[in-house]
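Biologist: Please take a close look at one part of this model for me, and show me who touches whom there. I work at the bench, so plain words and clear cut-offs, please.

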Amino acid sequence: MTGVGNINPAIIESLYGEALVLADDVRAAFDLAPAKETGLPRDHWRIALSSEGLKATTRVMHVLAWLLNQRAYLKGDMSEFQLQRTGHLPPDRAPDPESLMMLEPMTRELIVDTTRLHTRVARLDAAWQAERAQQNPDGTSAIHRLRERLGQAVTRL
């Protein structure tokens, strides 16, 4: 990760702060408080709120986990090998348009905010992965290359 110019401690810390605020907002928004009068059957509203709440919460938690891994790496608490093994951002699950329409405008806006944050972090993750691929164009891991060298050394004996 040392060469990725668009990932630095200031960006990671800024995104981390933003993700923490969003996580708190998501928790508050998706607290299954009594249903507000929406004109929809209560069960449909609750299902929409639950499913979109789970997706938004998962989205933010994935981003936070990715950012925590980056912070640990940048502080020297995690090796690059560990980061490569655990530091990838899982793909997002898009909100369901029909479910979104059942939710209040502020809740829909919050979901959009979580999606935007995930998209931004996904771009950073993709850039980092692309750099890793350029540094290792044949796709073999350092462990695989080491095993090959050891195997060659043993056969020469």
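**Where helix 2 meets helix 5**

Modeller: Let me set the scene first: the protein exposes about 9800 Å², and carbon and sulfur atoms supply 58% of that (Shrake-Rupley method with a 1.4 Å probe; for residues, only the protein chains shown count as cover). Keep in mind that this is a predicted model, so local features need pLDDT of at least 70 and side-chain atom pairs count only at pLDDT 80 or more, while totals for chains, interfaces and linings use all residues. Residues are numbered from 1 along each chain as its sequence is written, and side-chain values use heavy atoms, with hydrogens and water left out.

The secondary structure comes to 6 helices and 0 strands; these are DSSP runs numbered from the N terminus, H or I with at least four residues for a helix and E with at least two for a strand. Along the sequence that reads α-α-α-α-α-α. Of the 157 residues, 32% are buried, where buried means under 20% relative accessible area, exposed means over 50%, and partly exposed is in between (1.4 Å probe, protein chains only). Among contacts with a separation of 6 or more, 75% come from residues 24 or more positions apart; a contact here is heavy atoms within 4.5 Å.

Now for the part I'd zoom in on. Helix 2 and helix 5 pack at an angle of about 35 degrees, their axes 10 Å apart. Those axes are lines fitted to C-alpha atoms, for helices over the stretch in contact, and the angles run from 0 to 180 degrees between N-to-C directions. The crossing is left-handed, that is, the near helix is turned anticlockwise from the far one by less than a right angle (clockwise would be right-handed). Helix 2 brings Glu-52, Ala-56, Arg-59, Val-60, Val-63 and Trp-66 to the contact, and helix 5 brings Ile-111, Thr-114, Thr-115, Leu-117, His-118, Val-121, Leu-124 and Asp-125. Sorted by type, that gives 8 nonpolar, 3 polar and 3 charged residues. For that count, Ala, Val, Leu, Ile, Met, Phe, Trp, Tyr, Cys and Pro are nonpolar, Asp, Glu, Lys and Arg are charged, and the others, Gly among them, are polar.

Glu-52 is a good one to click on. It is buried, with a relative accessible area of 1%, and it forms a salt bridge with Lys-55, the closest N and O atoms being 3.1 Å apart. A salt bridge is a side-chain nitrogen of Lys or Arg within 4 Å of a carboxyl oxygen of Asp or Glu. Side chains of opposite charge can pair when their charged atoms come close. Here the two partners are separated by about one helical turn because Lys-55 and Glu-52 sit 3 residues apart in helix 2 (residues 42–74). Lys-55 is buried too, at 13%.

Glu-52 also has a C-alpha atom 7.6 Å from that of Leu-100, though the two are 48 residues apart along the chain. Leu-100 belongs to helix 4 (residues 97–102) and is buried at 16%. Leaving out residues up to four places away in sequence, Leu-100 touches Pro-95, Arg-108 and Ile-111. You'll recognise Ile-111 from the helix 5 side of the packing.

Helix 5 (residues 105–135) has a salt bridge pair of its own, Asp-113 and Arg-116, placed 3 residues apart and so about one helical turn from each other. Their closest N and O atoms are 3.8 Å apart. Asp-113 is partly exposed at 28%, and Arg-116 counts as exposed at 53%. Further along helix 5 is Trp-128, which counts as buried at 1% relative accessibility. Its C-alpha is 9.4 Å from that of His-88, with their positions 40 residues apart in sequence.

Back on helix 2 you'll find Asn-69, buried at 16%. Not counting residues up to four places away in sequence, Asn-69 touches Met-78, Leu-83, Thr-86 and Gly-87.
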